[in-house]
Amino acid sequence: MIDRRHTLRLALAALPAVALLGSRPARADQPFERFYPFLVDLQGWTAKKPDGMAMQMGGMSMLTASREYERADARIHVGILTGPPAQGGLAMIQAGMKIDTADSHMSTDMVDGLKLARTYTTKDRSGAIMVGLADNALFSFSFNKLAEDEAFTLARKFDWKGIQAALPK
């Protein structure tokens, strides 16, 4: 015969362990986390942890994944953007703008089959490189206290085609 008191004592003794295991919510991967592997380490730079956000609202969705890098007084901010946050940069790329002034310039170009826009201000050695990945997606590389050629070389270390392939279909 089963001793009900003994069974009850065993069950009650196990409750704290079961409660502890059950209190941890299952962690689902966030949609933006699929882009973290593309936010690579850059040799000679200190990188912060990647960060991201995904939002759906009223038939609109957006996603961002980003990472910041530092080296002495130089700074880089890299982002992968979809939806409305990407629209401004994409509009500039699509327009094919070209601007030259004494202390800054902006141009568009094709690199590896992708349209991109580049801006640079000589005075503070800052600028941005924006790569159109899709009709609603953009790779953004902004920088401060960095030569333009070095910034472009660093931006090329990110796998633009890989990011493009990882975009939601």
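**Entry 1. Arginine 67 and aspartate 41**

I looked up the side chain of arginine 67 and found a polar contact of 2.8 Å to the side chain of aspartate 41. The model is predicted, and I read every distance here as a computed value. The side chain of arginine 67 also reaches the backbone oxygen of leucine 39, at 2.6 Å.

I then asked which strand holds arginine 67. Arginine 67 lies in strand E3, which covers residues 60–71.

Is arginine 67 buried or exposed? Its relative accessibility is 11%, so I entered arginine 67 as buried, the cut-off for that class being under 20%.

I listed what touches arginine 67, leaving out neighbours within four places in sequence. Leu39, Val40 and Asp41 are among the contacts. Ala47, Lys48, Lys49 and Pro50 are also in the list, as are Ile76, His77 and Val78.

**Entry 2. Two exposed strand residues**

I checked glutamine 56 next and found this residue in strand E2, residues 51–57. Glutamine 56 has a relative accessible area of 64%, so I noted it as exposed; the class begins over 50%. From glutamine 56 to glycine 83 I read 10.0 Å, C-alpha to C-alpha, with their positions 27 residues apart in sequence.

Aspartate 100 belongs to strand E5, residues 99–100. I entered aspartate 100 as exposed because its relative accessibility is 56%. The C-alpha atom of aspartate 100 is 9.9 Å from that of tyrosine 120, and the two residues are 20 apart along the chain.

**Entry 3. The cavity**

How many cavities of 30 Å³ or more does the model have? I count 1. The largest cavity holds about 30 Å³ of space.

I wrote down the residues that line the largest cavity: Arg118, Thr119, Ala128, Ile129, Phe143, Glu148, Ala151 and Phe152. Strand E7 (114–121), strand E8 (126–134) and helix H3 (148–155) are the elements that give two or more residues to this lining. Helix H3 gives the most, with 3 residues. Sorted by class, the lining of the largest cavity has 5 nonpolar, 1 polar and 2 charged residues.

**Entry 4. The largest pocket**

I moved on to the largest pocket, which holds about 160 Å³ of space. Its lining has 14 residues, and Ser61, Leu63, Thr82, Asn136 and Pro168 are the ones nearest the centre.

Which element supplies the largest share of the lining of the largest pocket? I found that E3 does, with 3 residues. E3 is also the strand that holds arginine 67. E2 and E3 each supply at least two residues of the pocket lining, and E2 is the strand where I placed glutamine 56. By class I noted 8 nonpolar, 5 polar and 1 charged residues in the lining of the largest pocket.

**Entry 5. The whole chain**

Last, I looked up the chain totals. The chain has 4 helices and 9 strands. Reading along the sequence, I get the pattern α-β-β-β-β-α-β-β-β-β-β-α-α.

Of the 169 residues, 36% count as buried, and arginine 67 is one that counts as buried. The chain exposes about 10500 Å², of which carbon and sulfur atoms supply 56%. Among contacts with a separation of 6 or more, I noted that 47% are between residues 24 or more positions apart.

Definitions and conventions
Residues are numbered from 1 along each chain as its sequence is written. This is a predicted model: local features need pLDDT of at least 70, side-chain atom pairs count only at pLDDT 80 or more; totals for chains, interfaces and linings use all residues. Side-chain values use heavy atoms; hydrogens and water are left out. Buried means under 20% relative accessible area, exposed over 50%, partly exposed in between (1.4 Å probe, protein chains only). A polar contact is a pair of N or O atoms within 3.5 Å; within protein, one must be able to donate a hydrogen and the other to accept it, and residues adjacent in sequence count only if both atoms are side-chain atoms. Contact means heavy atoms within 4.5 Å. On a 1 Å grid over the protein atoms alone, a cavity is a set of points where a 1.4 Å probe fits but cannot get out, and a pocket is an open set with protein on both sides within 12 Å along at least five of seven lines; lining residues have an atom within 4 Å of a point. Grid points are joined across faces, edges and corners, and a volume is the space filled by probe spheres set on the points. Ala, Val, Leu, Ile, Met, Phe, Trp, Tyr, Cys and Pro count as nonpolar, Asp, Glu, Lys and Arg as charged, and the others, Gly among them, as polar. Accessible areas come from the Shrake-Rupley method with a 1.4 Å probe; for residues, only the protein chains shown count as cover.
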